[in-house]
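This report looks at burial, charge pairing and nonpolar packing in one protein chain, moving from single residues to the whole fold.

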Amino acid sequence: GVSYAARAISYAGHGAEDGLVKVPSPPSPSQVKVKVSMSASSSSSRSRANDKWTQKKLEDIAWTMHGQMRHKTEWVDQLMLEFITTRRNEEEVIMPLSKDAFGSMNDDVMAEDCGNSRSDEARHKSTAIMPKFIFIAHSIGSQLVQRMCILRPDILYQTKAILYLTPFTRFDARPKWKNSLLSTLGHAPPDPTVAFARFCSIAASYMPTKMMDALLEHNSGISLLEDRELARGLVVNPNYVQNFLKLGSDEIRNLPEVHDVGAIKIIAKFSGVPMYILYCGGDEVGEDQWAPRIHMTELQRDVDAGMLPKEMVTLEHLEKSVHDFIVRPHLHGPVMDFACRSIADANIKFKAKASERKVGMGQFRSKM
């Protein structure tokens, strides 16, 4: 049967340990021994300029959606490179003609056989042995996957299915007063807010552990001790709080306020990649503030109107689930059931698509 290799990735710069969340600073002049020479001054200037560029690049990764998207794209590239390297040790791999098709992969891998001419069938064989991706994204991760697939058509071509779990792909938070408040904070100068939040994080580190644990369990509804320990580590880490607010502000400024129907159409209709989208929330557990049911209703309206392909966009709603279902064990089952059913359906669609492609190739060869 079909086999899978599961890999996971989260936000860069988000975690409970300083090694994960602290954006490294360039070394100070006292830490760098500069050789005294006639060009020492200019070398030092270039070094400072390089340090500033490096610092800005690291901050962009942790603090901007564009940086996070690049981080995820490079990660996918490394997965493909790992797959290619493994397969090269097992059998001869015919590489695609264009180096550009695989973005930033290593030149030595991409240069292999690039000068040889091949038939369309050989090129199809080369892509057929590449890994097929099933992206399962939660919350803002859905927007990152969507943007990555639009900007990297080679990754989209290797994608078998996309699953969004309570997607935060548009900034339209509920209730409306919260949307207005967050929008105001997101467009305000971030430094005062970040400084105040860092102070609160440091102050929280002096709170007795049992008191904070009780607040997280009863007020936040985090039942597992392991999850509460992680949450407590995040709250008392000022570097994480800074990254969270900086990136959150960038999300508010850059997320669209409506569905990106064009992007969904490119993925589902023109590229033929099925999309499965799960929404949650209801009267019993409250409305999902980041992905309210009205978002699903609007998407369903677009599907019914023929703007999006009905057979490729599947929408589902879990009444008793919530946005942070990951830290609520009793909700894991229903979400996993949705994911398994979606992947099984995607396999059926993928086999049908492969059969159509084989028929098309057979007809093409017969005409020749």
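S139 has a relative accessibility of 12% and therefore counts as buried, the cut-off being under 20%. In this predicted model, S139 sits in the loop that runs between strand 1 (133-138) and helix 6 (141-151). Leaving aside neighbours within four places in sequence, the residues in contact with S139 are L165, T166, P167, F168 and H323.

**A buried lysine**

K72, a residue of helix 3 (residues 65-90), is buried and yet has no salt bridge. The nearest side chain of opposite charge is that of E251, and it lies 9.7 Å away, whereas a salt bridge would need a side-chain nitrogen of Lys or Arg within 4 Å of a carboxyl oxygen of Asp or Glu. Which side chains, then, make a polar contact with the side chain of K72? One of them is Q68, whose side chain makes such a contact with the side chain of K72 at 2.9 Å, and another is H71, with a side-chain contact to K72 at 3.0 Å. An α-helix has 3.6 residues a turn, so residues three or four places apart point the same way. Once residues up to four places away in sequence are set aside, K72 touches I9, S10, Y11 and A12, together with L144 and M148.

**Salt bridges**

The structure holds 16 salt bridges, and three of them are set out below with their N to O distances and the relative accessibility of each partner.

| Acidic residue | Basic residue | N to O distance |
|---|---|---|
| E298 (23%, partly exposed) | R170 (4%, buried) | 2.6 Å |
| D213 (15%, buried) | R228 (7%, buried) | 2.8 Å |
| E319 (35%, partly exposed) | R293 (42%, partly exposed) | 3.4 Å |

In the salt bridge between E298 and R170, E298 belongs to helix 14 (residues 293-304) while R170 belongs to the loop between strand 2 (159-165) and helix 8 (176-187), so the pair ties together parts that are 128 residues apart in sequence. These two residues are also members of a network of salt bridges that links R170, D172, R174, K176 and E298.

The side chains of D213 and R228 likewise meet in a salt bridge, and this pair links distant parts of the chain, with D213 in helix 10 (residues 209-218) and R228 in helix 11 (residues 225-235), 15 residues apart.

For the salt bridge between E319 and R293, E319 lies in the loop between strand 5 (313-318) and helix 15 (332-367) and R293 lies in helix 14, so parts that are 26 residues apart in sequence are tied together.

**Nonpolar cores**

Which residues touch the most other members of the largest nonpolar core? Among its 41 residues, they are F135 and I162, and helix 3 gives the most to this core, with 6 residues. Not counting residues up to four places away in sequence, F135 touches V76, V145, M148, C149 and I155, as well as T159, A161, I162 and L163. M148 therefore appears among the contacts of F135 and also among those of K72, contact meaning heavy atoms within 4.5 Å. A second, separate core has 14 residues, including L165, L278, F325 and F338; L165 is also one of the residues in contact with S139.

**Helix 12**

Helix 12 (residues 238-254) has 17 residues, which at 1.5 Å a residue should span 24 Å, and the distance of 24 Å between its end C-alpha atoms agrees with that expectation. Of these 17 residues, 13 are buried, so helix 12 is largely enclosed by the rest of the structure. At the start of helix 12, a side-chain oxygen of N237 reaches to within 3.0 Å of the backbone nitrogen of N239.

**The whole protein**

The protein contains 15 helices and 5 strands, and 40% of its 368 residues count as buried. Among contacts between residues at least 6 apart in sequence, 78% join residues at least 24 apart.

Technical notes:
Residues numbered from 1 in each chain as written. Predicted model: local features only at pLDDT ≥ 70, side-chain atom pairs only at ≥ 80, totals over all residues. Heavy atoms only, no water. Helix = DSSP H or I, 4+ residues; strand = E, 2+ residues; numbered from the N terminus. Buried < 20%, exposed > 50% of the residue type's maximum accessible area, 1.4 Å probe, protein only. Lys, Arg positive; Asp, Glu negative; His and termini not counted. Polar contact = N/O pair within 3.5 Å; in protein donor to acceptor, adjacent residues only side chain to side chain. Expected span 1.5 Å × (residues − 1). Core = buried A, V, L, I, M, F, W, Y, C linked by side-chain atoms within 4.5 Å.
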